[in-house]
Structures are given as structure tokens and as C-alpha cells.
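Let's walk through this structure together, starting with a detail and working outward. Have the model open beside you as you read.

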Amino acid sequence: NQGVITSPQGQVLLAAGTSVSLIDSAGPELSVTLTANGNRAVNLGTVTAAGGRIDMFGAIIEQAGVLRADSSTVDAAGNIILKATQSTTVSGQISATNSVGSGGKVQVLGDQVSLTSTARIDVSGVGAGGTALIGGDYQGKNTAVQNATLTTIAAGATIKADALDNGNGGRVIVWSDDKTVFDGFISARGGVNRGDGGFVETSGHNRLLLDGSVDTRAPRGKIGNWLLDPASYCFE
């Protein structure tokens, strides 16, 4: 995609592979199978699904443009999933913020996950921060979420899951089954008027190289947690 795709409160899917089957959950007996020579899903343009869902699937995923599923209602939160069998690289913007309620959810998954220096992920919300899963879920224990073997977040990359007014900071997980390199910046701050700081985990099951920074402060609440594993240090 090099252009503009818009689906307000809907769903946008960019998929690539030698064979992709699309099944409607409302009618699982019906499916459509697409065949192609390529296996690389690339977004250089802008995809917008306000309050909806954006998915990118493929062997190789490159997100260099803008993915935006921002919401402006309390009962709707955007959901963005990037999932690759090989590598996922983010050098652009991913946003699932909420100007009224809680921030949405972003998952960046693959065997090798990389956020370059220009990557920006934001799941902040006025009511509460959302959730960002990079390379896996908490301690890699959620079998429903694919775990990376290598996760790299470069210096300059930012992930935000802040509560912008009243509410608690969100949840950010950076995980790999082998090696994690974290040199970026993560923020999961509590609301400026009320709320506790959020939770951040930066973990590598075997190796963790850390030169980045985390902010889980709460101006008017309890400071949040930052868990580093395998060292298992927790700052409160």
C-alpha cells in the first residue's frame, strides 16, 4: 500500500503469502483462498480505521507508513495487529489512541521484531493507557500471542501508553524467547489529574541488553512498575 485506505469503525487487512485463507467467523463453513507469488506485506501509505481494526499478515512485514485506529468514544478502542512468520519491521507510526476513553491495543509480532529509530507507537487514552505487545505477552506465557526469538528497539523509537487525564497508565510488554535489545523509550504514565502509573516489562529469556529508559510516573497517584527479566529487577 502506497496510498490511503480508510474504513471508519471497520476492518482493514493487508495480507501476503503463497496462500492466504479468509474465513468469516460468522460463517466458518465459507472461506476464500488467495494465492500469490509474494510473501511480503508492506505499508508505505496511510491506513485509517477509526475505532476499528487493522491487521497486517505475511512472512515479512514492513510498516514504514501510518497505521491509525484512533477512537473518540468511550466504548470503542482501536486494535492493530502486525504478525509475521519471519520478520516484522516498524519504522513508521502506529496509533490506537482514544480522545475520550481508554487507549487501544497494538501487537507487533514475528520471529524477529524490530522497531527502528523512527518508530512511533501510541496507545494513550484520556481515560487510561492501552496495551502494546512487542514480541510477545507477559513473560512469554500467553500461548495466544506469538513470541519472538529476537526483539530489537532502537534508540529513538518510542512507545507510549499514557493516561492523559484521569486514569491509570497502560501496559507495555517487550519480550523475546532469546535476545532482547532495548535502547528506546517507553512511557506508561498515570493521568495528570488522577491515576496510577502503568506496567512495563522489558525481557529477554536468555539475554537482555538494556540502554533505554522507561517512565511510569503518576503525578497524582502511585508510580507504576518496570520489570526487567531475566534479572527480575522491579522498580517501584
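Let us begin at glutamate 62, which is partly exposed, with 30% of its relative accessible area. Bear in mind from the outset that this is a predicted model. Glutamate 62 shares a salt bridge with arginine 40, and the N to O distance between their side chains is 2.4 Å. Arginine 40 is partly exposed too, at a relative accessible area of 45%. What parts of the chain does this pair link? Arginine 40 belongs to strand E5 (residues 40–43) and glutamate 62 to strand E7 (residues 53–63), so the contact ties together distant parts of the chain, 22 residues apart.

That pair is one of several. How many salt bridges are there by this rule? The count comes to 6. Another of them joins aspartate 55 to arginine 53, whose closest N and O atoms are 2.9 Å apart. Is aspartate 55 buried or exposed? With a relative accessibility of 2%, aspartate 55 counts as buried, because the cut-off for buried is under 20%. Its partner arginine 53 is partly exposed, with a relative accessible area of 31%.

Further along the chain, arginine 217 makes a salt bridge with aspartate 215, and here the closest N and O atoms are 2.9 Å apart. Aspartate 215 is buried at 10% relative accessible area, whereas arginine 217 counts as partly exposed at 47%. Which residues do shared partners join into one network? They are Arg189, Asp215 and Arg217.

Now step back to the secondary structure. The protein has 0 helices and 24 strands. Its radius of gyration is 17 Å, close to the 18 Å that the globule rule gives for 236 residues, so the protein is as compact as a globular protein of that length. If you look along the principal axes, the C-alpha trace spans about 50 × 40 × 35 Å. Buried residues make up 49% of the 236 residues. Of the contacts with a separation of 6 or more, 69% come from residues 24 or more positions apart.

How are strands arranged into a sheet here? Eight of them, in the order E1-E6-E8-E10-E13-E16-E19-E22, form an open sheet of 8 strands with parallel pairing. At its edges are E1 and strand E22 (213–215), each of which pairs on one side only. On average, neighbouring strands of this sheet are turned by 5 degrees against each other, direction ignored. For a closer view of one pairing, pick out strand E13 (residues 120–122) and strand E16 (residues 158–160): they run parallel and are joined by 3 bridges. Within this region, aspartate 122 stands opposite lysine 160 in E16.

Next come the aromatic rings. How many aromatic pairs does a search of the whole structure find? It finds 1. The partners are tyrosine 138 and phenylalanine 199, whose ring centres are 5.9 Å apart and whose planes make an angle of 65 degrees, an edge-to-face arrangement. This pair also links distant parts of the chain, since tyrosine 138 sits in the loop between E14 and E15 while phenylalanine 199 is in strand E20 (residues 199–203), 61 residues apart. Phenylalanine 199 is buried, with 18% relative accessible area, and tyrosine 138 counts as partly exposed at 33%.

The loop that holds tyrosine 138 has a further feature to show you. Glutamine 139 is found in the loop between strand E14 (131–134) and strand E15 (150–153). Its phi is positive, about 55 degrees, although glutamine 139 is not a glycine. Why is that worth a look? Most residues other than glycine have a negative phi. Glutamine 139 is partly exposed, with a relative accessible area of 22%.

A second glutamine offers a parallel case. Glutamine 9 likewise has a positive phi of about 55 degrees without being a glycine. Where does glutamine 9 lie? It is in the loop between strand E1 (4–6) and strand E2 (11–15). With a relative accessibility of 63%, glutamine 9 counts as exposed, because the cut-off for exposed is over 50%.

How values were computed:
Residues numbered from 1 in each chain as written. Predicted model: local features only at pLDDT ≥ 70, side-chain atom pairs only at ≥ 80, totals over all residues. Heavy atoms only, no water. Helix = DSSP H or I, 4+ residues; strand = E, 2+ residues; numbered from the N terminus. Buried < 20%, exposed > 50% of the residue type's maximum accessible area, 1.4 Å probe, protein only. Phe/Tyr/Trp six-rings, centres within 6.5 Å; stacked < 30°, edge-to-face > 60°. Salt bridge = Lys/Arg side-chain N within 4 Å of Asp/Glu carboxyl O. Pairing = 2+ DSSP bridges. Axes fitted to C-alpha atoms, helices over the stretch in contact; angles between N-to-C directions. Rg over C-alpha atoms; globule rule 2.2 N^0.38 Å. Contact = heavy atoms within 4.5 Å.
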